[in-house]
Amino acid sequence: MRGPQEKAAPAGRELTAPVEDYLKAVYELERVGEPASTTDLASRLQVAPASVTGMVRRLARQGLLAHRRYRGVRLTPRGRRAALRTIRRHRVIETYLVRALGFRWDEVHAEAERLEHAASDAFVDRMAKAIGEPTVDPHGAPIPSREGVVADPGYLPLAELAAGAVADVMHVADDDPSLLRYLDDLAIALGSTVRVVDRAPFGGPITLAVGHTQRVVGPALAERVLVRPHRAQARGGRAAQGRVTHVTGR
């Protein structure tokens with residue numbers, strides 16, 4: 001018998017919406033290279049740690065997660081395929097809402113969160129075909145293929161560029177509509193070219209040139225904007241330590 005929060009999956013999919021959310025969360029947390037901890041999952045999914053422990057055990061029994069006590073969890077190959085199917089549905093839906101229905105990029109994340117569990121893979125494939133088989137969503141995130149292949153372009157966080165670096169904006173976190181609206185106000189969009197004019201010391205603000213205008217952004221925002229430098233350029237901030245950073249969001 002299902003719990004009160006657990007909805008059945010559409011015909012043709014064996015996984016429920018909560019299971020898909022857990023697998024997607026583990027995938028995103030794994031992208032930084034470490035197993036996902038119970039605490040991290042509880043924070044990301046906004047549930048109690050005890051609930052996470054129970055679900056992790058269940059998903060491990062189903063062969064979707066590999067769990068080692070006190071060492072976090074990782075997706076199994078089957079779990080990773082399931083996570084990427086959900087992520088594909090989410091990102092195709094976001095793209096369809098923008099391209100076909102005229103939604104803004106700050107309006108689509110919550111809609112896609114709801115629809116990703118209701119739409120079948122076949123339906124989403126039709127949506128993708130109708131809009132020209134997009135490879136990235138409206139926020140620049142790569143869309144996994146039908147076969148479960150996803151590109152990793154290796155973009156850098158804007159926060160890690162040194163003063164004088166020039167780069168193109170390629171990917172922005174999609175889970176905070178206010179952040180996206182703020183970027184609109186700054187005229188920073190996908191494809192925008194930015195130049196780091198100055199970096200204040202001790203984690204202070206970063207001054208950017210966007211077109212003929214200078215903008216000042218905080219380091220927290222700059223962490224969530226991924227860029228592609230125009231050429232090999234020195235990084236600033238913590239990059240010298242070799243840290244790999246990924247935008248959060250789905």
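Contact here means heavy atoms within 4.5 Å. This is a predicted model, in which local features need pLDDT of at least 70 and side-chain atom pairs count only at pLDDT 80 or more, while totals for chains, interfaces and linings use all residues. Residues are numbered from 1 along each chain as its sequence is written, and side-chain values use heavy atoms, with hydrogens and water left out.

**Whole chain**

Colour the protein chain by secondary structure to see 8 helices and 8 strands. Helices (H or I, at least four residues) and strands (E, at least two) are DSSP runs, numbered from the N terminus. Then colour by accessibility: 46% of the 250 residues are buried. Buried means under 20% relative accessible area, exposed over 50%, and partly exposed in between (1.4 Å probe, protein chains only). Of the contacts between residues at least 6 apart in sequence, 65% join residues at least 24 apart.

**Ser 192**

Select Ser 192, in the loop between α7 (177–185) and β5 (193–199). Ser 192 counts as buried because its relative accessibility is 14%. Leaving aside residues up to four places away in sequence, Ser 192 touches Ala 167, Asp 168, Val 169 and Ala 187. A polar atom of the Ser 192 side chain lies 2.9 Å from the backbone nitrogen of Ala 189. For such polar contacts, the pair of N or O atoms must be within 3.5 Å; within protein, one must be able to donate a hydrogen and the other to accept it, and residues adjacent in sequence count only if both atoms are side-chain atoms.

**Glu 107**

Go next to Glu 107, in the loop between α4 (77–99) and α5 (108–115). Its relative accessible area is 31%, so Glu 107 is partly exposed. The side chain of Glu 107 reaches the backbone nitrogen of Arg 104 at 2.8 Å. Add Arg 181, which is 74 residues from Glu 107 along the chain; the two C-alpha atoms are separated by 9.7 Å.

**α1, α2 and α3**

Show helix α1 (residues 17–30) with α2: they pack at about 120 degrees, with axes 10 Å apart. Axes are lines fitted to C-alpha atoms, for helices over the stretch in contact, and angles run from 0 to 180 degrees between N-to-C directions. The crossing of α1 and α2 is right-handed; a crossing is left-handed if the near helix is turned anticlockwise from the far one by less than a right angle, and right-handed if clockwise. For the contact, select Asp 21, Tyr 22, Ala 25, Val 26, Glu 28 and Leu 29 of α1 and Asp 40, Leu 41, Arg 44 and Leu 45 of α2.

Now add α3 (residues 49–61), which packs against α2 (residues 38–45) at about 110 degrees, with the axes 9 Å apart. The two helices are therefore roughly perpendicular (angles of 65 to 115 degrees; under 35 is roughly parallel, over 145 roughly antiparallel and the rest oblique). This crossing of α2 and α3 is also right-handed. Thr 38, Leu 41 and Ala 42 of α2 meet Pro 49, Val 52, Thr 53 and Val 56 of α3.

**Positive phi**

Select Gln 46, in the loop between α2 and α3. Its phi is near 55 degrees, a positive value in a residue other than glycine. Gln 46 counts as exposed because its relative accessibility is 72%.

End at Phe 202, in the loop between β5 and β6 (206–210). Phi of Phe 202 is positive, near 60 degrees, and the residue is not glycine. With a relative accessible area of 86%, Phe 202 is exposed.
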